[in-house]
Amino acid sequence: MPRQAEPAAVHDSLVLEPRDVQFDWSALPLHWIPDEPMATHTINVLHLLLPEGERWFVKVFKDALPMITDEQLREEVLGFIGQEAIHAEAHQEVLDHLLAQGLDPRPYVRQISWLFRRVLGDKPGLTAAQRRENIIERVAFVAAIEHFTAFLGNWALNSPGLDRAEADPTMLDLLRWHGAEEVEHRSVAFDLMVHLDPGYLRRLRGMLVSGPLLVHLWVRGTRFMLAADPTLKGSVRPTWREAQQIARRGLLPEPTRMFRSALRYFLPGYHPTKEGSSSQALAYLATSPAARASAGH
Ligand SMILES: [Fe+2]
Ligand SMILES: [Fe+2]
């Protein structure tokens, strides 16, 4: 997956539109990458984290709206809010389907809900200045997380291994539609953070908190899913070595590649438009079965 540079014009002319997609999960097998429970459940962690996480993004960005003094950025933030709200609901439906298949995701989701609502939620009793500071700090966390969602989106759009393994086509479309929109709106959170606080320390802190937290949640989530899968009964135990081997088969992003990508976030000249390709994202959205159905094709 090479890093692609593209003309700024492609990105600058984007208008972010929420696409009101629908997916039918009734035929989704529990192991939607056939015979690959660990790869399936490692990717399934997305469904555990994203509904609560993306609802939290929406809340943070709505809180930040009155602080924006640039009209174009404000439009982009509104587009971002619309897209993330739909993403959250699309992943929520997969969670509901897992429960119907006998895999109960609720104990883990309760922990995630507590994290986003209590630990990272609104703090009561702040002064106006403290509240502004708190909102900017949370925007910086979102900006760092959006670096990873764009990385993962770019991976999903460039993952022929999943096609070779005959992964479920509806799930592939969900991952690639969502991934394409993550690539499409990858600079919004970063631009909002810089608009509210151009200081490097803010960016640094956002990644130093969000990066390790995300890895921790992912490892725990994968362990949880493998233990909760009624067909496995705890027989598959995830290891980093196994994850590396699965990544080599093209079914997961390579952890080292992801780590190197996170390091690029610290470069002084970093900007999200240097990662991934808007043209490729738009090309996928033009062919995605769910996105085309929502556009009335
Ligand atoms: Fe999203
Ligand atoms: Fe996003």
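Is Glu89 buried, partly exposed or exposed? At 40% relative accessibility, Glu89 counts as partly exposed, where buried means under 20% relative accessible area, exposed over 50% and partly exposed in between (1.4 Å probe, protein chains only).

The model is a predicted one, so local features need pLDDT of at least 70 and side-chain atom pairs count only at pLDDT 80 or more, while totals for chains, interfaces and linings use all residues. Residues are numbered from 1 along each chain as its sequence is written, chains are lettered from A and ligands numbered from 1 in the order in which they are written, and side-chain values use heavy atoms, with hydrogens and water left out.

On to the metal site. The iron ion (ligand 1) takes its protein donors from Glu54 (OE), Glu84 (OE), His87 (ND1), His178 (NE2) and Glu182 (OE), at 1.9 to 2.2 Å. Donors here are N, O and S atoms within 2.8 Å of the metal (3.2 Å for Na, K and Ca); water is not among the atoms, so sites may look incomplete. Along the chain, the donors of this iron ion (ligand 1) are spaced as E-x29-E-x2-H-x90-H-x3-E. Glu84 also bridges to the iron ion (ligand 2), with 3.7 Å between the iron ion (ligand 1) and the iron ion (ligand 2). Glu84 sits in helix H3 (residues 71-100) and His178 in helix H7 (residues 169-184), so this pair, 94 residues apart, links distant parts of the chain; helices (H or I, at least four residues) and strands (E, at least two) are DSSP runs, numbered from the N terminus. Glu84 is buried at 0% relative accessibility, and His178 is buried at 6%.

Salt bridges come next: a side-chain nitrogen of Lys or Arg has to lie within 4 Å of a carboxyl oxygen of Asp or Glu, and the count comes to 19. One of them pairs Glu52 with Arg117 at 3.0 Å, N to O. That bridge ties helix H2 (residues 37-64), home of Glu52, to helix H4 (residues 106-119), home of Arg117, across 65 residues. Glu52 is buried at 8% relative accessible area, whereas Arg117 is exposed at 51%. Glu89 from the opening question has a salt bridge too, with Arg55 at 3.4 Å, N to O. Here helix H3 (Glu89) is linked to helix H2 (Arg55), the two residues being 34 apart. Arg55 is partly exposed at 29% relative accessibility.

Lastly, Ser288 occupies the loop between helix H12 (278-287) and helix H13 (289-294). Ser288 is buried at 0% relative accessibility. Neighbours within four places in sequence aside, Ser288 is in contact (heavy atoms within 4.5 Å) with Asp173 and Trp177.
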